[in-house]
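User: I am new to reading structures. Please take me through this one and explain the terms as we go.

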Amino acid sequence: MANKPAAKPSSPNQPAQKPVPPKSTASDEKRTFEPKYNWMNKTRQWGVRVKPGKAGLRLGDLNVGIYGETPTQWADQSRNPRGAVPRRGMPPVGYSIRDKAGLWADCAADLYEEAIQRRWAPATDVPWDTIEPLPDDVEHAVCQVCTELVGYANVDIETITGWQHQMSYGYHEVKQFLATASFDAARHYECFRKRALANGGGLGLEGPGMVNRMILESRGGWTEAVVYLLIMRGTFAMTLYKYLGRHAHNDAERFIYGHALADKARHVTYALDHLKYAMAHADDVLQVVRTLIAIGEGGLTRDLRDPVLAEALAVVFGRGVAKAAGRGMAVYGDMMRDYVATYLGYCQWLGVPRDPARLPPPLNEYANPTGAEA
Amino acid sequence: MSEAANGAERELDLGWMDRTGPWETRAEPGKYGLTIADISIGDYGDAPEVSDNLTGRARGAAARPASYRIGAYAVRSKNEIWLDNASFLYEEALQRQWSSATDVPWHTIEPLPDDVEQAECQLATFLTEVEFVAGDVPARWVSLTTPDFYEPRQVLLAQVMDESRHMDVFRKRALANGGGLMQATGATSGFVGSIDLSRDFTEMSSRLHVSGEGAVLTLFRMGELMAQNEAEKVIYRLCAQDEARHVAFGVMHLRYMSETAPERREEIHCYLDEAEGGLIGAANPVGQLTPTSESMAIILGGGKENFDDGMNKIIAIRRRQLQEYRKRVISAGFGERFENGRSRVAQMIEEAA
């Protein structure tokens, strides 16, 4: 396969080849037409002139006049752009998410533009040449962790894409942000796979999959999926990236974990904003989230009791098997305490505070910030 | 309390170190960095003909018998979705991402005569609308495809991102110059036989990538003729780059399908029959739908007073669309339809003239 990409993208401002105008035949030139113009003047608001600001012309800048009105329910089942004059009698496309409370976050438009500005390409932006051979035990551990992270990215991809097409276009900002989120996940998928295959190792053992299934089976609604995918798993992944970045073996790994962390932070930001909105605007969501969290913690702890990821992380943090049980596990403990503290903080902020003592083991064991036995 | 939590040392099992995929793999970055083609080496490069992966594990990873089944994947046969240049298209998509906020010189937009601005806004409304379908549908198919075929999935995810940007750039254009959105056409609603309702990936791809996006690509390539200012030229140029990748995906997939599943060729011809019926229809901006073709005629003619000139250009573009469609289908390996009388494209080209 000659699968090589173009060397360098052409600059957006670089002139393109001028197209050759299509030939008009002699018969074309003689033809005359009788336009109806019955589409003219059909607009709900005219005279809109949005100007680019310091950061260009952003999606959120367009929310002026009627174009910024996002109703609490979007009854239109067609692909009518928000603010356009609808065409009546169109067969419905069939969106299942038509309530604003089911997906909205005020920050979605800003996160969309931020994601585009912070785009990166694993093939060319990661300094792959900085990867040097590692001791075999460490390479095994890095590859095992990357295998798990590929699995996480896979669930991000499958979950988000499974919901995107069900969201109505009245709330296009969210759909557009989620396009960046699934594209981020695609990048994470390839990037962690690349790292596993770049340094004399290979992929490791697949994860236990309890949380994966829990996320994918969140069929009750997008909000439910957000709780599991972006709050529980997302916060955990974010914490992993943070600690893996601190214990990176080379600049390539530092770059990967740092950028994955920035991407994931956007996803979690959306999640927090959305859940806050949903709880404030829809009956019972707060109670539902409280219940989901309690159930989800059970699933999460089942995965956490599996020793593979913990041990692999301990080997990475301990820089080898020799110090994995001691120093490595101590850092793992710090990481878990960091995760639980962040997670509990998010729950508190959302208005669904958790009693640390009632978290299922082993989560409750990391709820004590000092690490001392309760 | 666990040892990790209380700081005590615990004995490690480390059995996972013996449970890996093929080991001693060392993919090397090439001239274009470390691409996904570069990591398709050894067993890691072998996508199975039929995937039995129901746990979502990465291709080549060691399976864990106790892992939960998570994927009820509808697309598990390689020939249903595969193409030979997915790695190239994906890496190119990453390299050519752009920002509609900052890469388009919005300041070059100047006020236009009202008829031209209305036409621009009608076209932008239509393009916003059709880009919706091109984002929704590939996303749905990604969620249904086993990760053993991750390369085509990656391309489709890049497409969803591209379409999202196209949606926003045309919305931005409609609201940037004293106009506004106009009336939706409804051209992409849930009609029987539409892109949405495809029950098979190749069926969807032949409608979306080959005929639908192919027609739009021809149009975007005429951007230099249609644009009123540098901002619009940049928009059409960048959108054309993206659209060309999407069309390439469809053509290359059809070619792969044609070569590896010849028993499905007749079925594919049926999809192409349907697709050809839509080539001059409502979902084509230079088709026979009044709001878009009239607005295009005003844009191409330079105003209502030159409507006939504009319409004649539209007819020429329509003819070019059909010729390019025919080339793509031939390239995909289904060219016999143009020789055995099955396709109406030759007649449509004649009629367009």
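**Reasoning from the values**

Analyst: Start with one residue of a predicted model. Beyond its neighbours within four places in sequence, A:Trp222 is in contact with A:Ile97, A:Gly102, A:Leu103, A:Ile160, A:Trp163, A:Met167, A:Leu178, A:Tyr270 and A:His274.

User: Which residues have the most contacts inside the largest nonpolar core?

Analyst: They are A:Trp222, A:Tyr270 and A:Tyr332. That core has 229 residues. Its largest share, 16 residues, comes from helix α7 (residues 222-246) of chain A.

User: What makes A:Glu113 and B:Lys172 a salt bridge?

Analyst: The cut-off is 4 Å between a side-chain nitrogen of Lys or Arg and a carboxyl oxygen of Asp or Glu. The side chains of A:Glu113 and B:Lys172 meet at 2.8 Å, N to O. Therefore the pair passes the test. It crosses between chains, from A:Glu113 in helix α2 (residues 108-117) of chain A to B:Lys172 in helix α5 (residues 150-174) of chain B.

User: Why is A:Glu113 called buried?

Analyst: Buried means under 20% relative accessible area. A:Glu113 has 5% relative accessibility, so the residue counts as buried. Its partner B:Lys172 has 0%, so B:Lys172 counts as buried too.

User: How do you know that A:Glu139 and A:Arg195 form a salt bridge?

Analyst: Their side chains meet at 3.0 Å, N to O. The limit is 4 Å, so the pair qualifies. The pair links distant parts of the chain: A:Glu139 is in helix α4 (residues 136-164) of chain A, and A:Arg195 is in helix α5 (residues 172-196) of chain A, 56 residues apart.

User: Why do A:Glu139 and A:Arg195 count as buried?

Analyst: The cut-off is under 20%. A:Glu139 has a relative accessible area of 3%, so A:Glu139 is buried. A:Arg195 is at 1%, so A:Arg195 is buried as well.

User: What does the pair of B:Asp200 and B:Arg264 tie together?

Analyst: First, the distance. Their side chains meet in a salt bridge at 3.0 Å, N to O. B:Asp200 lies in the loop between α5 and α6 (201-220) of chain B, and B:Arg264 in the loop between α8 (230-260) and α9 (265-278), so the pair ties together parts that are 64 residues apart in sequence. Both residues are buried. There is a network as well: salt bridges that share partners join B:Glu266, B:Asp273, B:Glu276, B:Arg337 and B:Arg342.

User: How many salt bridges does the structure hold over all chains?

Analyst: The total is 45. On the general idea, side chains of opposite charge can pair when their charged atoms come close.

User: How many helices and strands are there in each chain?

Analyst: Chain B has twelve helices and zero strands. Chain A has eleven helices and zero strands.

User: What share of each chain is buried?

Analyst: In chain B, buried residues make up 69% of the 353 residues. In chain A, they make up 60% of the 374 residues.

User: How far apart are the mean positions of positive and negative charges in each chain?

Analyst: In chain B, the mean positions of the 37 positive and 55 negative charges are 2 Å apart. In chain A, those of the 44 positive and 41 negative charges are 8 Å apart.

Conventions: Residues numbered from 1 in each chain as written. Chains lettered and ligands numbered in written order. Predicted model: local features only at pLDDT ≥ 70, side-chain atom pairs only at ≥ 80, totals over all residues. Heavy atoms only, no water. Core = buried A, V, L, I, M, F, W, Y, C linked by side-chain atoms within 4.5 Å. Buried < 20%, exposed > 50% of the residue type's maximum accessible area, 1.4 Å probe, protein only. Helix = DSSP H or I, 4+ residues; strand = E, 2+ residues; numbered from the N terminus. Contact = heavy atoms within 4.5 Å. Lys, Arg positive; Asp, Glu negative; His and termini not counted. Charge placed at Lys NZ, Arg CZ, Asp CG, Glu CD.
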